[in-house]
Amino acid sequence: MLTPRSGPQLWYGPEMAARQDWVRPLTTAEIAALEAAVARLDATGIDIAAIGPQHLREPALQPLVEEIRAATLHGRGFILVRGVPVQRWTVRQCALAYFGLGTLLGEPVSQNAMGHILGHVKDIGADYARPEHRGYQTAARLPYHCDSSDLVGLLCLKPAKAGGKSSIVSSWALFNEMLRRHPDLLAELLAPVYRDRRGEVPDGAEPWYAVPVFSPMPEGGLVATYVRSAMRKAQRFPEVPRTTPALEAACDALDALAEDPAIHLDMDFRPGDMQFVSNHWIMHSRTAYEDFPDPADRRHLFRLWLACADGPALPEAYTAAWQGATARGRPAGIRVPGVPLSAPLDGGW
């Protein structure tokens with residue numbers, strides 16, 4: 001019998017908005033340690049993709065790293081770190097700091113078919129309606145979804161002229177609300193649902209896969225993954241079962257719950273904000289945005305997908321049917337045969 005979830009991963013937006021303890025300003029000592037590490041690394045000419053945890057293991061930064069890890073992997077599932085001095089750094093220096101910090105949390109994994117382990121969230125005029133295009137390449141509103149890693153991180157280099165709010169919601173709250181309000185539809189989200197790989201196909205895999213939205217775990221845990229746009233796009237494959245009215249109704253109900261201001265949390269990004277979110281306990285979204293006319297001023301975020309050795313236990317489908325696993329058995333992001341990993345500073349477009 002299904003029962004409501006309880007624990008630090010269960011929260012509601014208004015409660016979090018009132019608390020604000022999820023906003024973690026960098027200290028003067030931490031900024032100084034970051035700047036010293038960046039200057040040292042920049043002078044070596046090291047490639048961003050070659051950076052490992054040994055390169056930024058500064059004693060002054062360890063409390064910050066442990067706080068991020070505790071919040072995202074063992075607590076509420078998210079944190080906003082504020083104050084990275086991006087406005088006085090070059091793009092490369094920002095990448096050195098951000099990527100280096102990320103490696104202290106987990107292994108950066110590929111985010112797309114090009115093997116990018118440093119991603120760029122930027123409007124390049126892509127069409128979100130096309131199966132091979134990705135939402136982060138547009139200025140469109142992104143529905144609530146999860147990415148293909150343990151953690152997703154964002155560093156804001158430049159915000160939008162207007163809009164572009166980050167919205168997150170507790171998957172545990174959504175599960176509880178589905179159980180309370182729509183118990184007849186919840187079963188649809190506990191069975192595997194089919195999703196399009198959007199042309200990013202691992203070796204030996206089909207161009208689609210199936211994984212449940214909600215996976216209750218032993219001892220009262222829960223993990224979730226949801227990308228409704230990929231579910232819709234999977235319908236282009238004739239061998240994929242047709243979406244049923246019951247599944248559509250369940251997704252409609254889930255989307256409505258996530259959009260409810262009484263459940264989700266909105267936040268603005270300032271330059272130098274780093275957001276880290278658990279993909280297993282949080283669904284995230286973004287409002288549509290208007291950009292500045294000058295390309296040099298347009299909204300630009302770095303993105304990391306991190307595979308974390310101390311991430312939560314996951315169903316076998318997460319690494320078997322879906323993504324494949326890293327050497328440590330964690331979700332491996334999007335790996336395409338023969339594509340080397342890279343960390344382009346310009347997005348690689």
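**Close-up 1. Strand E17 and its pairing partners.** Strand E3 (residues 107-108) pairs with E17 in the antiparallel sense over two bridges; strands count as paired if DSSP finds at least two bridges between them. Helices (H or I, at least four residues) and strands (E, at least two) are DSSP runs, numbered from the N terminus. This is a predicted model, where local features need pLDDT of at least 70 and side-chain atom pairs count only at pLDDT 80 or more, while totals for chains, interfaces and linings use all residues. Residues are numbered from 1 along each chain as its sequence is written, and side-chain values use heavy atoms, with hydrogens and water left out. On the E3 side, look for Glu107, whose bridge partner in E17 is Ala307. Strand E4 (residues 119-121) is joined to E17 by three bridges, again antiparallel, and there Val121 has Leu301 as its bridge partner. Strand E6 (residues 151-158) also runs antiparallel to E17, joined by seven bridges; Leu155 is matched with Phe302.

**Close-up 2. The two faces of E17.** E17 spans residues 300-307, and eight of its eight residues are buried, meaning under 20% relative accessible area (exposed is over 50%, partly exposed in between; 1.4 Å probe, protein chains only). His300, Phe302, Leu304 and Leu306 point one way, while Leu301, Arg303, Trp305 and Ala307 point the other.

**Close-up 3. The E9-E10 pair and Arg197.** E9 and E10 run antiparallel, joined by five bridges, with Val193 opposite Val211 in E10. Five of the five residues in E10 are buried: Trp208, Ala210 and Pro212 point one way, Tyr209 and Val211 the other. Arg197 sits in the loop between E9 (192-196) and E10 (208-212). It counts as buried because its relative accessibility is 9%. Leaving aside residues up to four places away in sequence, Arg197 touches Pro202, Ala205, Glu206, Pro207, Trp208, Tyr209, Ala321 and Trp322, where contact means heavy atoms within 4.5 Å.

**Close-up 4. The largest nonpolar core, around Leu254.** A nonpolar core is a set of buried Ala, Val, Leu, Ile, Met, Phe, Trp, Tyr and Cys residues joined through side-chain atoms within 4.5 Å. The largest one has 57 residues, and Phe78, Leu174, Leu189, Phe214, Leu254 and Met283 touch the most other members. Helix H8 (residues 245-259) gives the most to this core, with seven residues. Zoom in on Leu254 and, not counting residues up to four places away in sequence, you'll find it touching Leu174, Met178, Leu189, Val213, Phe214, Tyr226 and Met283. Apart from this core lies another, of 43 residues, among them Leu34, Ile48, Val84 and Leu104.

**Close-up 5. Helix H3 against helix H4.** H3 (residues 62-73) and H4 (residues 91-105) pack at an angle of about 60°, with their axes 10 Å apart. Axes here are lines fitted to C-alpha atoms over the stretch in contact, and angles run from 0 to 180 degrees between N-to-C directions. Gln62, Leu64, Val65, Ile68 and Arg69 in H3 meet Leu101, Leu104 and Leu105 in H4.

**Close-up 6. Two loop residues with positive phi.** Most residues other than glycine have a negative phi. Gln20, in the loop between helix H1 (13-19) and strand E1 (23-25), has a positive phi of about 65°. Its relative accessibility is 40%, so Gln20 counts as partly exposed. Glu219, in the loop between strand E11 (214-217) and strand E12 (221-224), has a positive phi of about 60°. At 86% relative accessibility, Glu219 counts as exposed.
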